[in-house]
Amino acid sequence: MQIIQPHYHAIARTAQDYERMAMSGVVAVAEPAFWAGFDRLYPETFIDYFRQISEFEPTRAAQYGIRHFSWVAVNPKEAENTTLTREVLKSFPEFFAKPTVLGVGETGLHKSSKNECSSLEAHVEIAMKHGQLVLIHTPHLADKAHGTKRVLEVLAGMNVDRDRVWIDHVEEQTIRPCLDAGYWVGFTLYPITKCSPKRAVDLLEKYGTERILVNSSADWGPSDPFTLQECVLEYRRRGHSLQEAIEVFHNNPCRFLGQNPKFDIKPIRVETAS
Amino acid sequence: MLSPEQVVDTYFLEARHMLLEIAALLDRYDAAEARSGGHPGNGRGTAAEAKLAVLREALGVLREQGPTQERTVALLELFARA
């Protein structure tokens, strides 16, 4: 089965992960800009990072037959440095012109501070001005519900095309308001700290499959890119057809990411009507 | 060996994860029951309900503040009877 991994921090992973993903059917990954584990101090550090994910990483993925796309952003954890954020934002248009950059992300909130909200607003504004997609990170654990509410409040005050905004890391307590407001949502599967493959399938069964993306993020922390394949297996094991699985794990990423014409992988259909 | 505080700090997120999985299982059961109109049928419902009752009893064991035996032992004995 062909799978698209729509949120994947490839630079934190090994070539062996690419190889195993390719062997398990992954045909494309999309890499949002991420936190490095420490707060960066210089705009140039971000610019080199954006070059890495928009120029070098596609060549590494290509060795395994995987298409690689990326996003640019200042991470919410670094938004307190407002001067840095402003400087890095100036570099975005240069990267929007790259052949594999899909938009702005992951922006969003971590502790939902005033500076974080301002940074989120600035990120969404530049994305909309340049016709880019937006990927929004919502906080983890205790701050999840409050942070997601703040994200929705910030977006509600802006002129955004909701079809082009993906609010990520939603869980049982936050999915409803995001879908009701007309945004795409993402389930991020982690071994311990975020949604699990089984709970993601529960959510798919409860809310249906429209405007939903499933990803395993997979960064430099405790994470596993193959939680996505675990989710595919769980979905199929509960009796959902191959085509239904393809709709969720391949075609939905095509539908959202394909709003940017650079993402040219098309939805597929493997079953014929009988 | 770990201090009491270290035990909690080290394993809190893992325990949170496991409890969420149990909560999801119970929600999944309720949803399945609602879909089937609350009539599992063919005697399978009885066996399923018995297993569910054991799980609920196990959760009760975990709630005890000063158990007379180790919780793991109590649960293993409980599951052995299921």
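Which helix of chain A holds both A:Glu87 and A:Lys90? Helix H3 (residues 82-90) holds them, as View 1 sets out.

This is a predicted model: local features need pLDDT of at least 70, side-chain atom pairs count only at pLDDT 80 or more, and totals for chains, interfaces and linings use all residues. Residues are numbered from 1 along each chain as its sequence is written, chains are lettered from A and ligands numbered from 1 in the order in which they are written, and side-chain values use heavy atoms, with hydrogens and water left out.

**View 1. A salt bridge within helix H3 joins A:Glu87 and A:Lys90.** The closest N and O atoms are 2.9 Å apart. A salt bridge here is a side-chain nitrogen of Lys or Arg within 4 Å of a carboxyl oxygen of Asp or Glu. The two residues are 3 apart in sequence, about one turn of the helix. Helices are DSSP runs of H or I with at least four residues, strands are runs of E with at least two, and both are numbered from the N terminus. A:Glu87 is partly exposed, at 35% relative accessible area. A:Lys90 is exposed, at 60%. The classes are buried (under 20% relative accessible area), exposed (over 50%) and partly exposed (in between), with a 1.4 Å probe and protein chains only.

**View 2. Helix H1 carries a salt bridge between A:Arg20 and A:Asp17.** The N to O distance is 3.5 Å. Both residues lie in helix H1 (residues 15-23) of chain A, 3 residues apart, about one turn. A:Arg20 is partly exposed, with 37% relative accessible area. A:Asp17 is buried, at 7%.

**View 3. In helix H6, A:Glu153 pairs with A:Lys149.** Their closest N and O atoms are 3.0 Å apart in this salt bridge. The residues are 4 apart in helix H6 (residues 144-156) of chain A, so about one helical turn separates them. A:Glu153 is partly exposed, at 36% relative accessibility. Over all chains, the search of the whole structure finds 20 salt bridges.

**View 4. Chain A meets chain B.** Here 10 residues of chain A contact 8 residues of chain B. Contact means heavy atoms within 4.5 Å. The two chains bury about 880 Å² between them, 53% of it on carbon and sulfur atoms. Buried area is the accessible area (1.4 Å probe) that two parts lose on being put together, summed over both. In chain A, A:Leu141, A:Ile192 and A:Arg199 lose the most area to chain B, together 50% of what that side buries.

**View 5. A salt bridge crosses the interface of chain A and chain B.** The rule finds 1 such bridge there. B:Arg28 and A:Asp202 meet through their side chains at 2.6 Å, N to O. Both belong to a network of salt bridges that also links A:Glu205, A:Glu234, A:Arg237 and A:Arg238.

**View 6. A:Phe50 and A:Phe92 form an edge-to-face aromatic pair.** Their centres are 6.0 Å apart, with 70 degrees between the planes. Rings of Phe, Tyr and Trp (its six-membered ring) pair if their centres lie within 6.5 Å; planes under 30 degrees apart count as stacked, over 60 as edge-to-face and the rest as tilted. A:Phe50 lies in helix H2 (residues 43-62) and A:Phe92 in helix H4 (residues 92-96), so the pair ties together parts 42 residues apart in sequence. Both residues are buried. One aromatic cluster takes in A:Phe46, A:Tyr49, A:Phe50, A:Phe92, A:Phe95 and A:Phe96. Over all chains the count is 14 aromatic pairs.

**View 7. Two lysines of chain A have their charged ends over rings.** That of A:Lys77 sits over A:Trp35, 4.1 Å from the ring centre. That of A:Lys194 sits over A:Tyr190, 3.5 Å from the ring centre. The rule requires NZ of Lys or CZ of Arg within 6 Å of the ring centre and within 35 degrees of the ring normal.

**View 8. A:Thr107 sits in strand E4.** The strand spans residues 101-108 of chain A. A:Thr107 is buried, at 1% relative accessible area. Beyond its neighbours within four places in sequence, its contacts include A:Ala73, A:Pro76, A:His123 and A:Ile136.

**View 9. A:Cys195 has no sulfur partner within bonding distance.** The closest cysteine sulfur, in A:Cys231, is 7.6 Å away, too far for a bond. A disulfide is a pair of cysteine sulfur atoms within 2.5 Å. The structure holds 0 disulfides over all chains. A:Cys254 is in none either, its nearest cysteine sulfur, that of A:Cys231, being 17 Å away. A:Cys195 is buried at 1% relative accessibility, and A:Cys254 is buried at 4%.
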